[in-house]
Amino acid sequence: MCAVFGGIYCLRHSVQCLVVDKESGKCKAIIDQYGQRIISKHFLVEDSYLSENTCAHVQYRQISRAILITDRSVLKTDSDQQISILTVPAEEPGTFAVRVIELCSSTMTCMKGSYLVHLTCTSSKTAREDLEPVVQKLFTPYTETEIENEEIEKPRLLWGLYFNMRDSSDVNRNTYNDLPSNVYVCSGPDCALGNDNAVKQAEALFQQICPNEDFCPPPPNPEDIILDGDSLQPEASESSALPEASSETPKESSNLRNPEEPSK
């Protein structure tokens with residue numbers, strides 16, 4: 001939507017540092033990896049772009065995630081084109097429910113005949129410790145012994161990756177050190193399903209920068225859009241028709257005879 005309403009994107013320009021004015025304390029530009037200076041009045045950055053000194057007092061939560069590739073769906077169904085969402089309740093005190101999202105090949109995220117599975121929860125330990133019990137319940141490890149067994153009820157786990165990532169969705173702006181007033185921090189993904197938190201955060205930041213503007217107004221009806229060229233087009237067609245009419249007038253008058261003149 002930003003590009004539709006005139007936003008400019010600097011693709012493949014990673015931020016190396018922020019240029020802060022000593023007198024005003026505001027950020028006046030950024031320096032990209034090519035050494036190019038990009039000037040702006042406001043800067044929206046993701047939390048990871050800030051320096052360690054700026055984030056020294058920030059207390060982050062952690063998210064445990066796993067990405068798996070399996071040979072078939074966890075749901076027993078005849079269709080192989082589906083998206084499955086499953087929530088596994090927490091079994092022990094101090095742990096959290098695990099959300100499982102399974103994508104089929106029609107989502108263009110994996111090869112035909114395989115499934116891509118995402119597991120996410122709020123971290124209580126490492127990602128493997130949090131998520132591996134759920135993986136063992138839903139899937140069968142891909143080993144030679146199990147390949148020979150033809151009566152496998154659970155999908156086979158072909159590949160898996162466990163990792164932790166920090167959650168900055170609930171970080172208060174005041175916890176950052178010496179953050180310029182015109183630098184606005186947005187968070188990365190959280191554990192929630194959907195993007196409700198990202199939309200709320202975007203609206204809050206938009207109101208701070210443009211307090212008198214509507215956030216993401218609905219697009220107008222295409223039939224109500226009047227382009228500048230459309231209003232001038234009828235006048236241009238009329239003016240272009242006038243010379244043709246005037247050019248034909250002398251020809252017609254030359255063919256007319258005087259009624260009093262006798263015919264030969």
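This tour moves through a predicted model, from the whole chain to its cores, its largest pocket and a few single residues.

**The whole chain**

Begin with everything shown as a cartoon and coloured by secondary structure, where four helices and eleven strands can be picked out. If you then colour by accessibility, buried residues make up 25% of the 264 residues in the protein. Among contacts with a separation of 6 or more, residues 24 or more positions apart account for 55%.

**The largest nonpolar core**

Select Val98, Val100 and Leu119 next, since these are good starting points for the core: they have the most contacts inside the largest nonpolar core, a set of 16 residues. To see which elements surround them, add strand S5 (61-70), S7, S8, helix H1 (127-138) and strand S10 (156-167), each of which gives two or more residues to this core. Of these elements, H1 gives the most, with five residues.

Now centre the view on leucine 119 and display its neighbours, leaving aside residues up to four places away in sequence. Leucine 119 touches Val98, Arg99 and Val100, and also Ser64, Arg65, Ala66 and Leu68. Its remaining contacts are with Leu131, Val134 and Val135.

A further selection of Phe43, Val58, Val171 and Val185 takes you to a second, separate core, which has twelve residues and includes these four.

**The largest pocket**

Turn next to the largest pocket, which holds about 1,500 Å³ of space. Which residues lie nearest its centre? Select Cys2, Gly7, Ile8, Tyr9 and Leu44, which hold that place among the 41 residues of the lining. Strand S4 (43-46) and H3 are the elements that give two or more residues to the lining of this pocket, and H3 gives the most, with nine residues. Colouring the lining by residue class shows 25 nonpolar, twelve polar and four charged residues.

**Serine 73**

Move to serine 73, in the loop between S5 and strand S6 (83-88). Is this loop residue buried or exposed? Serine 73 counts as buried because its relative accessibility is 9%, below the cut-off of 20%. Show its side chain as sticks, and two polar contacts can be traced: one reaches the backbone nitrogen of leucine 75 at 3.1 Å, and another, of 3.0 Å, joins it to the side chain of glutamine 82. Apart from residues up to four places away in sequence, serine 73 touches Gln82, Ser84, Glu102, Tyr115 and Pro155.

**Two residues with positive phi**

The last stops concern backbone geometry, and the background is that most residues other than glycine have a negative phi.

Select methionine 108, in the loop between strand S7 (98-103) and strand S8 (115-122). The phi of methionine 108 is near 65°, a positive value in a residue other than glycine. Methionine 108 is exposed, with a relative accessible area of 74%.

Finish at cysteine 216, which you will find in the loop between helix H3 (196-209) and helix H4 (228-255). Cysteine 216 also is not a glycine, and its phi is positive, at about 50°. With a relative accessible area of 49%, cysteine 216 is partly exposed, a class that runs up to the 50% above which a residue counts as exposed.

Terms used: Residues numbered from 1 in each chain as written. Predicted model: local features only at pLDDT ≥ 70, side-chain atom pairs only at ≥ 80, totals over all residues. Heavy atoms only, no water. Buried < 20%, exposed > 50% of the residue type's maximum accessible area, 1.4 Å probe, protein only. 1 Å grid on protein atoms, 1.4 Å probe; cavity = no way out; pocket = protein on both sides within 12 Å on 5 of 7 lines; lining within 4 Å. Points joined across faces, edges and corners; volume = space filled by probe spheres on them. Nonpolar A, V, L, I, M, F, W, Y, C, P; charged D, E, K, R; others polar. Core = buried A, V, L, I, M, F, W, Y, C linked by side-chain atoms within 4.5 Å. Contact = heavy atoms within 4.5 Å. Polar contact = N/O pair within 3.5 Å; in protein donor to acceptor, adjacent residues only side chain to side chain.
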